[in-house]
Amino acid sequence: MKTTTINMTTGSPVKHILIFSLPLLLGNIFQQFYNLADSIIVGKFINADALAAIGVTSSITFLFFAICNGFASGGGILVSQSFGRGDTKEVKNYIANTGYIMIILPFVVGVLAFFLANPILKILDTPKDIFEDALLYIRLMCIGLLFVSVYNYVSSILRALGNSKTPLYFLIFSCVLNVLLDLLFVCVFKQGVFGAGIATLISQLASVILCLFYAFRFNEYFRFCTKDLQFNRTVFIQTIKLGVPLSLQFSLIAISCMALQRVVNAYGAVAVAAFTATSRIEQIIHQPYQTLSAALSTFCGQNYGAKKNDRVLNGYRKTVLMMLIFTIVMVPLIQIFAEEISAIFVDEVEVINMSAKALRITSYFYVFLGMIYVVRGILNGLGDAFFALFNGIVEVIGRFTVPFILTAIPLFGLWGIWWSVGIVWFVSGFTAWIRYLYKKNQLIKLIP
């Protein structure tokens, strides 16, 4: 049987990163369609309030997913380093022990999140006219937390082994299924926000079933013997040590987004709808940066495990160049077509105009957003747990302070929300770059 893994420790870094990134980029875009389909169909076929109800839950559900996905990412990093060392037994042990965490943790977090959803929405000062729909939607997402977490775990392991194509195929299927079910439940059965949530749950369940079946059937590293499945205390602790900082990083970023969401909520349903539209669009903008980060993380993990630090640094430099090219293309497009892009989500002119101006503001800072992702890719691949936690703390401090300061200044007012987003990107990107320079010097010293 043909192997489904790719060894990145030899050959062109640019070729490996691009070949790995392209299917991953398509996969991430299709994954965003889960939310985009809900947003477009709900915004167009129900109203802007329904769109706001879904949007207001994004930062909250991101928090719950982040707690679990940090461990999936940590396990993937350790697997890529073991794969680079050529240690098959260790690879399987990491996969199995990370799997135990990824079954128990999302179940516990999902139950807690289901019951905490109501008080969290109140703390965020969610507008009364969208509160009930928001509560319903977030609880449906809590039920699907196990599906999303297990899928991300399997996908993370497959990517760590160099396989970014297979998760794409399952995401395409589940995306198409999600859109069809959205149309069925929202447009035909008139189930509103509830129908959009059910459609997402079913499509998430389908993707995790297919991904698990493929992994156990076709990937040689998922074929375990009894010894591979034994609990390994050392491996488990290593996974926890890396997974906890990554989880905290993602969680702190989610909490900072919740703080920003509270500021937005204070401006009413129109602002919430505009913020939701811009957030959905920016999720698409994030995808090329995110895929380059994931590709670089796998590339660096394998080469760091193989002690090829010169290839690690070369891969970083090439990825920065690719990031800059994408940024140069995207900024003019956003500046010119902001209204047309915003109109994809809603018909209300007031919301479209607000969203368009907001997009133009944040586009000035895309290069710093890209730097965050590229630096995060190399440092995560090196297993730099300190950076993961520190980066999350920086974003929390920024989002807990800058939005409140800027919106209180008459010159900025409401628009301080989006200026603060860009400023936080700048600060986080700069501090990440400083950390990279420190790690770079360490790597250079180890090059023979």
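**Exercise 1. Determine how many salt bridges the structure holds, and locate each one.**

Solution. Step 1: apply the criterion, under which a salt bridge is a side-chain nitrogen of Lys or Arg within 4 Å of a carboxyl oxygen of Asp or Glu. The structure holds three such pairs. The model is predicted: local features need pLDDT of at least 70, side-chain atom pairs count only at pLDDT 80 or more, and totals for chains, interfaces and linings use all residues. Residues are numbered from 1 along each chain as its sequence is written, and side-chain values use heavy atoms, with hydrogens and water left out.

Step 2: Arg85 pairs with Glu90, their closest N and O atoms lying 2.9 Å apart.

Step 3: Arg360 pairs with Glu339 at 2.7 Å between the closest N and O atoms. Because Arg360 belongs to helix H12 (residues 349–363) and Glu339 to helix H11 (residues 309–342), this pair ties together parts 21 residues apart in sequence. Helices here are DSSP runs (H or I, at least four residues; strands are E, at least two), numbered from the N terminus.

Step 4: Arg435 and Asp384 meet through their side chains at 2.9 Å, N to O. Arg435 lies in helix H15 (residues 416–446) and Asp384 in the loop between helix H13 (366–381) and helix H14 (385–407), so the pair ties together parts that are 51 residues apart in sequence.

**Exercise 2. Classify the residues of these pairs as buried or partly exposed.**

Solution. Step 1: set the classes: buried means under 20% relative accessible area, exposed over 50%, and partly exposed in between (1.4 Å probe, protein chains only).

Step 2: Arg85, at 44% relative accessibility, is partly exposed; Glu90, at 22%, is partly exposed. Glu339 is partly exposed at 28%.

Step 3: Arg435 and Asp384 are both buried.

**Exercise 3. Identify the residues of the negative surface patch and the helix that gives the most to it.**

Solution. Step 1: patches are made of residues with over 30% relative accessible area and no salt bridge, like charges being joined within 9 Å and nonpolar side chains (Val, Leu, Ile, Met, Phe, Trp, Tyr) within 5 Å. Asp and Glu count as negative.

Step 2: Asp49, Asp129, Glu132, Asp133 and Glu348 form the patch.

Step 3: helix H5 (residues 128–143) gives the most, with three residues; Asp129 is found in this helix.

**Exercise 4. Describe the setting of Gln249.**

Solution. Step 1: Gln249 is found in helix H9 (residues 233–265). Step 2: its relative accessibility is 0%, so Gln249 counts as buried. Step 3: the C-alpha atoms of Gln249 and Ile393 are separated by 7.3 Å, although the two residues are 144 residues apart along the chain.

Key: Accessible areas come from the Shrake-Rupley method with a 1.4 Å probe; for residues, only the protein chains shown count as cover. The place of a charge is taken as NZ of Lys, CZ of Arg, CG of Asp or CD of Glu.
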